[in-house]
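Please look through the sequence and the model below before reading on, and keep both in view. The paragraphs that follow lead from the sheet outwards to the helices, the core and the ligands.

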Amino acid sequence: MVGEAAPAAPAGPRAVLVGAPGAGKTTVGTRLAQRWGVGFRDTDADVEAELGRSVADIFIEFGEEYFRAAEARAVAAALAEHRGIVALGGGAVLDADTRALLAGHRVVYLEVGVSDAVRRVGLARDRPLLVEGPRARLAALLKARQPLYAEVAAVVIDTAGREPNEVADLVAAALAELPTPPAPAASVRIPR
Ligand SMILES: Nc1ncnc2c1ncn2[C@@H]1O[C@H](COP(=O)(O)OP(=O)(O)O)[C@@H](O)[C@H]1O
Ligand SMILES: O=C(O)C1=C[C@@H](OP(=O)(O)O)[C@@H](O)[C@H](O)C1
Ligand SMILES: [Mg+2]
């Protein structure tokens with residue numbers, strides 16, 4: 001699939017990836033952008049660049065609320081400026097204004113279950129929300145956010161048992177099916 005043509009440029013990013021920590025937004029987004037020869041933007045990296053600190057340090061020094069405000073600005077800027085692939089941080093959809101901004105964009109929700117999420121990021125020290133009791137935190141976070149991810153998604157892809165390259169294949173195939181502009185509610189769903 002290397003070198004495949006990118007979909008025609010929509011009025012916005014070619015794809016916006018949402019989902020919980022460990023869903024693979026950063027990994028799959030990077031691979032898709034490489035394949036398509038388009039830019040990749042990750043709002044966590046944008047916030048880190050703006051504040052000159054890691055996400056973990058921002059939580060420690062300024063707190064979650066401050067991070068969320070910076071994240072909302074980073075998402076708004078990426079949606080307005082970027083024409084490649086955008087990966088959001090897992091909690092970006094908690095902000096109602098951000099969810100409203102996502103309407104009409106090519107939003108892909110990468111689903112991940114608790115066990116896979118724990119396996120993929122449970123021991124990572126760079127995700128401040130998961131540092132204590134990652135399984136319980138991820139279970140609660142997935143339950144609370146699932147409706148929010150579903151609300152903004154035009155495409156839903158279950159990542160269980162799928163390697164990042166396979167997920168990237170499915171994202172590309174699903175985006176090719178989408179009308180422009182896409183229907184905001186899950187109009188393409190790829191289950192296990
Ligand atoms: N489909 C997948 N299957 C197995 N491991 C994955 C998958 N997607 C991502 N990972 C791994 O999970 C970890 C977190 O991935 P990342 O892309 O940072 O997720 P997110 O940005 O959604 O939090 C990385 O170590 C990555 O290699
Ligand atoms: O789910 C969350 O609230 C968070 C997810 C992280 O991004 P990933 O989803 O890329 O891990 C990062 O934005 C921060 O640690 C908070
Ligand atoms: Mg990420």
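In this predicted model, a good place to begin is Ala 15, whose bridge partner in strand S3 is Ile 85. That pair belongs to a wider match, since S1 and S3 pair in the parallel sense over three bridges. On its other pairing, strand S1, which covers residues 15-18, is joined by three bridges to strand S4, residues 107-111, and these two strands also run parallel. Two of the partners can be picked out by name: Val 16 has Val 107 as its bridge partner in S4, while Leu 17 has Val 108 as its bridge partner there.

From these pairings one can step back to the whole sheet, which is open and has six strands in the order S2-S3-S1-S4-S5-S6, with parallel pairing. Its edges are formed by strand S2 (40-42) and strand S6 (188-190), each of which pairs on one side only. From one strand to the next, the twist averages 15°.

Two helices can now be placed against this sheet. Helix H1 packs on the sheet and touches S1, S2, S3 (85-87) and S4, and its direction makes about 170° with that of S3. Helix H8 likewise packs on the sheet, but the strands that H8 touches are S1, S4, S5 (155-158) and S6, and the direction of H8 makes about 155° with that of S5.

How do the side chains of S1 point, and are they buried or exposed? Ala 15 and Leu 17 point one way from the strand, Val 16 and Val 18 point the other way, and all of them are buried. A comparable question can be put to S4, where both faces are covered: Val 107, Tyr 109 and Glu 111 lie on one side, Val 108 and Leu 110 lie on the other, and all are buried. Because five of the five residues of S4 are buried, this strand is largely enclosed by the rest of the structure. S4 also pairs with S5 in the parallel sense, over four bridges, and within that pairing Leu 110 stands opposite Ile 157 of S5.

Some of these strand residues reappear in the largest nonpolar core, which has 49 residues, and in which Val 18, Val 108, Ala 153 and Val 171 touch the most other members. The element that gives the most to this core is H8, with six residues. Val 18 shows how such contacts gather residues from distant parts of the sequence: not counting residues up to four places away, Val 18 touches Lys 25, Leu 88, Val 93, Val 107, Tyr 109, Tyr 149, Val 152 and Ala 153.

Two single residues help to show what burial means in this model. Leu 79 lies in helix H4, residues 64-81, and it counts as buried because it has 20 C-beta neighbours inside 10 Å, which reaches the cut-off of 20 or more. Leaving aside its neighbours within four places in sequence, Leu 79 is in contact with Gly 12, Pro 13, Leu 101 and His 105. Gly 39, by contrast, sits in the loop between H1 and S2, and with 13 C-beta neighbours inside 10 Å it counts as partly exposed. With neighbours within four places in sequence again left aside, Gly 39 is in contact with Ala 33, His 82 and Gly 84. Gly 39 and Gly 90 are 51 residues apart in sequence, and their C-alpha atoms are 20 Å apart in space.

The last step is to the ligands. Around ligand 1 there are 17 residues, of which Gly 24, Lys 25, Thr 26, Thr 27 and Arg 120 come nearest. Helix H1 (25-36), helix H6 (114-121) and helix H8 (164-177) each supply at least two residues of this shell, and H1 gives the most, with three. By class, the shell around ligand 1 divides into six nonpolar, seven polar and four charged residues.

Ligand 2 is surrounded by Pro 21, Lys 25, Thr 26, Asp 44, Val 55, Gly 89, Gly 90, Gly 91, Arg 127, Pro 128 and Leu 129. This shell has four nonpolar, four polar and three charged residues. Lys 25 and Thr 26, named among the residues that come nearest to ligand 1, are thus also found in the surroundings of ligand 2.

Notes
Residues numbered from 1 in each chain as written. Chains lettered and ligands numbered in written order. Predicted model: local features only at pLDDT ≥ 70, side-chain atom pairs only at ≥ 80, totals over all residues. Near = placed C-beta within 6 Å. Nonpolar A, V, L, I, M, F, W, Y, C, P; charged D, E, K, R; others polar. Core = buried A, V, L, I, M, F, W, Y, C linked by C-beta atoms within 7 Å. Buried ≥ 20, exposed ≤ 12 C-beta atoms within 10 Å, placed from the backbone. Contact = placed C-beta atoms within 7 Å. Pairing = 2+ DSSP bridges. Axes fitted to C-alpha atoms, helices over the stretch in contact; angles between N-to-C directions.
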